[in-house]
2 protein chains.
Amino acid sequence: MQPNKKTISNPVINRLPRYYRYLDNLLVSGVTRISSGGISKIMGLTPSQIRQDFNHFGGFGQQGYGYNVKQLHDEIGKILHLDKKLPTILIGAGNLGNAVACSTLNNENSGFKLIGIFDKNADNIAEINGFPILPMEKLDDFCKENCPEVAVLCTPPQSAKELADKLITLGIDKFWNFTNYDLLVHHPEVIVENVHIKDSLMALSYRANNSER
Amino acid sequence: MQPNKKTISNPVINRLPRYYRYLDNLLVSGVTRISSGGISKIMGLTPSQIRQDFNHFGGFGQQGYGYNVKQLHDEIGKILHLDKKLPTILIGAGNLGNAVACSTLNNENSGFKLIGIFDKNADNIAEINGFPILPMEKLDDFCKENCPEVAVLCTPPQSAKELADKLITLGIDKFWNFTNYDLLVHHPEVIVENVHIKDSLMALSYRANNSER
């Protein structure tokens, strides 16, 4: 089932991981079949919204029978390309880099394969999850030899621009960006997914202080 | 300037931190005045969208003169209540909890004040940023004495439900949630801001494998 890439909007793409996550929870709970109404309740979307989303990818469901949870889970996993192992490096082996390398990325079905970790203080840090931490001086040679496609940026924002410029010249064009530096301003051609942890805390601050209760 | 809380939609609220972040960058770069057209270029929004957003909070700008960057930055900071110090505890002193406690939360103007860190393996971890790590057995007494309003959840998802149930009985009703557990399913009454790091990686996987290049 090949989706028509051009017709799929960002909100739909951003909902796919949520569907996958909820279906994963259902699988763990032993649920084998669920209606769009059932998914709508746990996800807070309308059943029609869910059917519309799934229609972008050819449907999935049998009218009246609901969805097979395992099949739907695996199909959405395929659409997300979680079976891929895109060669990935991580820069910045502080607490956040450590957390990302040890949990989210360290997963058979993440879609990515961590092949190197770099830090400017490499001498002080032994390893993460069995990976040696390499000094930044080795970045050029490593990229030439191993051709990573993806970089995870866990450095302070101050060094992010210079680092991104360098990584792009080394052939990397996909970024998972935790730095708050807006890569697309200078490099609109790359693929970037940003995690703005600070924005989330600010949104919580607004909501915490503006609740009606 | 008091906004009319009822009229402000989630997308507008979620854009406020982005405005704040961009204005922060402009301040650091020494920019003192900027038009809505200028903000629109760096943020990828239309000037009319920006004016509409700001009108929810009474405007800010003088037509034709652009916005005073420092004033606008500080006004948005006030709207976000970043000057508050909501008493906050963090549960889960692993790498992620460490990163959050040491960087984002450890900030004079975060809107929150970290007053305690808890971990089920408290015996093995000395301290984070000068904070002693307390064992979970001390959670009840600590909450009764110190009345935290906010909890940051950095635990594995398996323990998240039980933990959230407990924290809510202890009077906590605001959560910054990194666990992927959907708190609102069982507790629609609380305020939750989720950080779904895993969802972001899945969205990157989709985009990385569906680029037109």
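**Exercise 1. Strands and sheets**

Task: Start from Leu90(B), whose bridge partner in β7(B) is Val152(B), and work out in which sense the two strands β3 and β7 of chain B pair, and over how many bridges.

Solution: The structure is a predicted model, and the exercise is solved by moving from one residue pair to the whole sheet.
- Step one is to identify the strands, which are β3 of chain B, with residues 86-91, and β7 of chain B, with residues 150-153.
- Step two is to read their pairing, which is in the parallel sense and extends over four bridges.
- Step three is to place both strands in the open sheet of chain B, where seven strands follow the order β5-β6-β4-β3-β7-β8-β9 and the pairing is mixed.
- Step four concerns the ends of that order: β5 (127-128) and β9 of chain B each have a single partner strand, so one side of each is left without a neighbour in the sheet.

Now turn to chain A, where seven strands likewise form an open sheet in the order β5-β6-β4-β3-β7-β8-β9 with mixed pairing. Here β5 (127-128) and β9 (191-194) stand at the edges with one partner strand each, and therefore each has a side without a neighbour in the sheet. Within the sheet of chain A, strand β4 (residues 112-119) runs parallel to strand β6 (residues 131-135), and three bridges join them. One residue to look for is Phe118(A), which stands opposite Leu134(A) in β6(A).

**Exercise 2. The relation between the chains**

Task: Determine which rotation superposes chain B on chain A, and what shift along the axis goes with it.

Solution: Two copies of a chain are related by a rotation about an axis and a shift along it.
- Step one is to take the rotation, which is 180 degrees, together with the shift, which is 0.0 Å, and the RMSD of the superposition, which is 0.0 Å.
- Step two is to name the relation, and these values are those of a two-fold axis.
- Step three is to find the residue of chain B that comes closest to the rotation axis, which is Asn95(B), with its C-alpha at 2.5 Å.
- Step four is to compare the contact residues: 100% of those of chain B recur in chain A, and the same surface thus serves both copies.

**Exercise 3. The interface**

Task: Describe how much area chain B and chain A bury between them, and which helix or strand of chain B gives the most residues to its side.

Solution: The size of an interface is often given as the accessible area lost when the parts come together.
- Step one is the area itself, about 5700 Å², with 61% of it on carbon and sulfur atoms. In chain B, the residues that lose the most area to chain A are Leu201(B), Tyr206(B) and Arg207(B), which together account for 13% of what that side buries.
- Step two is the list of contacts, in which 63 residues of chain B touch 63 residues of chain A.
- Step three is to count the polar contacts across the interface, for which the rule finds 22 residue pairs. Among the elements of chain B that supply at least two residues to this side are α1 (10-28), α5 (95-102) and α9 (197-209), and α9(B) gives the most, with 13 residues. The side of chain B that touches chain A divides into 31 nonpolar, 17 polar and 15 charged residues.
- Step four is to look at the salt bridges, of which the rule finds four across the interface, while the structure holds 18 over all chains. In one salt bridge, Asp199(B) meets Arg21(A) with the closest N and O atoms 2.6 Å apart, and this pair crosses from helix α9 of chain B to helix α1 of chain A.

Technical notes: Residues are numbered from 1 along each chain as its sequence is written. Chains are lettered from A and ligands numbered from 1 in the order in which they are written. This is a predicted model: local features need pLDDT of at least 70, side-chain atom pairs count only at pLDDT 80 or more; totals for chains, interfaces and linings use all residues. Side-chain values use heavy atoms; hydrogens and water are left out. Contact means heavy atoms within 4.5 Å. Buried area is the accessible area (1.4 Å probe) that two parts lose on being put together, summed over both. A salt bridge is a side-chain nitrogen of Lys or Arg within 4 Å of a carboxyl oxygen of Asp or Glu. A polar contact is a pair of N or O atoms within 3.5 Å; within protein, one must be able to donate a hydrogen and the other to accept it, and residues adjacent in sequence count only if both atoms are side-chain atoms. Ala, Val, Leu, Ile, Met, Phe, Trp, Tyr, Cys and Pro count as nonpolar, Asp, Glu, Lys and Arg as charged, and the others, Gly among them, as polar. Copies are superposed by least squares on the C-alpha atoms of residues with pLDDT of at least 70 in both. Two strands pair if DSSP finds at least two bridges between them.
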